[in-house]
Every structure is written in structure tokens, then in C-alpha cells.
Amino acid sequence: MRLVFVSNYINHHQMPVSRELNRLCREQGGSYVFVQTEPMEQERVDMGWGEEKLKEGDFVRSYWEDENGCQRMIEEADAVIFGGCEDERYIEARLEAGKPVWRYSEPLYKTGRYKFVSPRGLRKKYHDHTRYRKKRVYLLCAGAYVAGDFRLVGAYGGKRFRYGYFPAFRQQDPKKLMAGKDQASQGQLRLLWAARMIDWKHPETALQVAAGLREQGIGFRLDMIGGGALAPEMQERARALGLEGQVAFLGYRSPEETRDYMEKAHIFLATSDRQEGWGAVVNEAMNSGCALIAGKGMGAAPYLVRHGENGYLYDHKNPRQAVELAGKLAKDAAQRRRLGSAAYETVRTLWNSQVAAQRLYACIAAEIAGQELPEYEEGPLSRDLICL
């Protein structure tokens, strides 16, 4: 199989799946290429996304360095995965020729489905998606609200599959992981928040949680990783709430450093709203054995989290729910360990790059061969028939 993945740029959320797809293709005598269409934004580089040697191996190509060669690979591939890029010209020739394309998409209407009624928007969605509903075009849903958005525009029908982003999995002894949290904290409850400090990530919710815990007389430390436009406001708000001694603003940390903090944290707060198409911190915090409290508007949360079993979900429009859940977990160390252990197992056994790549490869290979696609009951490549 000659497989090409086209996206804006390679990053640490895409590299694990790419490595596995590259291995699978080569083992079967085929080839795999990741074509990035633009350089990484400076903001991402400043966040540490550029520290990893992301162009390792020989499967990453940059379109702007070899436009003709990359376009030829896209058009001649047996199948193309296309996502993270809104410029349709890369795949127009394939679509017109009826060749297989697996679209990889976050939600269409992150700020509200009321935008669905826009005539101009509907024309665009019809041109890019709906007219190919009976063609060899499939949808990989990077978030639990993607299938519902595409159902509104009548695209892909039963060809919508659960997918997402898959950061590197850290293999650990779960018992040692959980015990290490208590050892690192020296008896103090540790909470963690990590994201850019912008409005739809809602860093203020983390401070509401901290204030609520203090009101209940619960001792804790909250680390907040990240920077952004709201950072000065959040620091001032923490001072106004009298939380200086319990909340630490750590600025940006590399992905690896952030994972280290997660492994020391008892509770992770994922507070974004529906504008967070996926939210890879959900995968990472669960892999790190955190008791997760996640806003259900985040695309990853309804896919990965079973409320009360491997984490907690709350309505991001009602942050008081997050405060109540944090108070409950703060008083129940056994529940924190249960949720954290179950979260780790969810990522270890199902929501990881190896499972995602192997299932994706199997589905693409079956489609190319004209066979029925494999059916999976849950996890990556299971059909999303619920359409939240």
C-alpha cells in the first residue's frame, strides 16, 4: 500500500500514529509519507512543540520544499488521509477521479451549530463534502461532536468513524505510578491545569476550583502550566482570591515536562469548552493516571471518559459542577486511585496510537481490496452512530 497523510504540520500528537503507519506499510512492501503543508506557527514552537526531532525518519515531506513531488505522491497514492488543512486543492484531483480519501476532521461548528443555516456555508460544505457522500470518501472524527456536525450537512452517512489524536503512550507499572503521586506530593493534594490561557480554555474555572477547595478547608496545590493573553488576568485573579500560596503559574513547559507534572498530579482539570475540537491533554492526563475532571464540550472527553468509571465529566457551562467534583475527589483518595488506574487502562488497552494505526491500516487495506471494513464496537475506527 502507498499511503499518504496530508496535514498542516507534523507534531507530537501525530508522530506516534505516523511511526506505526510507516512500520505497517513497509512491512507489507508499501510506503508511507506524511506531507506537511505549512511550517509550524511560532506560538506552537514557543510552547515546546518544536523541541522534539519531529522530522526523524524518512517519511516526512514539506510541500513548500517540493510542490511537484508532493502533489504527485498525493495523486498516485493508493489512499490519502487528509486533515488539519482547509485548502482543498491538495486532494481535488483525487476526489474528482474517485480515489480513496479518508478525511480527518475536527467539528465544523465549534462556536455553535446555528452557523449551519448560512447559505454560503452550506454551499461550501456541499462542494467539499456532501457531493461525495456516495464516493470512496470516509470521515475520521477527531472529536465526539464531529459526526453530528457532518450529519447536519448530509455528509458521509454510515462512514463516520471515531478517531482523534494520539500522543505518545508512556508504559508504566500502574501501581508504581499511583504510589509515586503520593510520594511526590508528600501528603499534599496536587491539582494540575495545562493549556494556553485563552478564553475558550477557561483557566478561570481552575481558579474557581481552587477557591472552592480552600472554602472547604482542604489543603492543596494547583499548578497551572501555560501562557497566553489571559495569563496576567489569571495571576491577578489568583491574588484577589488570596490563592498566591496555593496556586503556581509555571508558564509554558515542553510536552515532556508537562507529562512529568501530570504523573505527579492527583487531579487534572481539563476545562475547555466546545471550541476544543479534541484536547490531547485528556489522553495524556489519563495515561498519567490522573483522576480527570473534564468539560464534556471537549471533543476527546465523551469518547474517552466514562463518567464515574475512569474520570468525571461536567457541563462546561456550569463550572460549579467542576468545583463539586473536585471537592468530592479531594476527600476520597481511594476514588482518585480507582479513577486514575481505570483511566490509565483505557489508554493502555484502547485509545493509543498503536491501536489507532493498526485499525486504520486494516480499514484502508480492506477498502482498497473491495472488502467489507472491519467492525469495532468501541474505540478508534468504531462507527460513530450516536452523533452528539
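**Notes on the strands, cavities and a pocket**

1. Let's start with a pair of strands: E9 (residues 220-225) and E10 (residues 247-251) run side by side in the parallel sense, joined over 4 bridges. If you want a spot to find the pairing by eye, look for Ile225, which stands opposite Gly251 in E10. Do keep in mind that this is a predicted model.

2. What do E9 and E10 make together with helix H9? The three of them form a right-handed β-α-β unit, with H9 covering residues 231-240.

3. Now for the empty space. Rolling a probe the size of a water molecule over the atoms shows where room is left. How many cavities of 30 Å³ or more does the structure hold? There are 2. The largest has a volume of about 80 Å³, and the second largest comes to about 50 Å³.

4. Which residues line the largest cavity? They are Met178, Lys181, Asp182, His266, Gly289, Ala291, Ala333, Arg336 and Arg337. Two elements give two or more residues to this lining, namely helix H7 (174-185) and helix H14 (333-349). By class, the lining has 4 charged residues, 3 nonpolar ones and 2 polar ones. Lys181, Asp182, Arg336 and Arg337 are worth picking out on the screen, as they are among the lining residues.

5. The second largest cavity has its own set of neighbours. Its lining takes in Phe166, Pro167, Ala168 and Phe169, then Arg259, then Asn283, Glu284 and Asn287, and finally Val347, Trp351 and Asn352. Which helix gives the most to this lining? That is H11 (residues 280-287), with 3 residues. Sorted by class, the lining of this second cavity divides into 6 nonpolar, 3 polar and 2 charged residues.

6. Besides the cavities, have a look at the second largest pocket, where about 270 Å³ of space lies. It is lined by 17 residues, and the closest to its centre are Arg162, Pro302, Tyr303, Leu304 and Ile386. Helix H12 (residues 300-304) gives the most to the pocket lining, with 3 residues. The class split of this lining is 9 nonpolar, 5 charged and 3 polar.

7. For a quick tour on your own screen, begin at Ile225 and Gly251, which stand opposite each other. Next, go to helices H7 and H14 at the largest cavity, and then to H11 at the second largest cavity. End at H12, at the second largest pocket.

Methods. Residues are numbered from 1 along each chain as its sequence is written. This is a predicted model: local features need pLDDT of at least 70, side-chain atom pairs count only at pLDDT 80 or more; totals for chains, interfaces and linings use all residues. Side-chain values use heavy atoms; hydrogens and water are left out. On a 1 Å grid over the protein atoms alone, a cavity is a set of points where a 1.4 Å probe fits but cannot get out, and a pocket is an open set with protein on both sides within 12 Å along at least five of seven lines; lining residues have an atom within 4 Å of a point. Grid points are joined across faces, edges and corners, and a volume is the space filled by probe spheres set on the points. Ala, Val, Leu, Ile, Met, Phe, Trp, Tyr, Cys and Pro count as nonpolar, Asp, Glu, Lys and Arg as charged, and the others, Gly among them, as polar. Two strands pair if DSSP finds at least two bridges between them. A crossover is right-handed if, with the strands pointing away from the viewer, the path from the first strand over the helix to the second runs clockwise.
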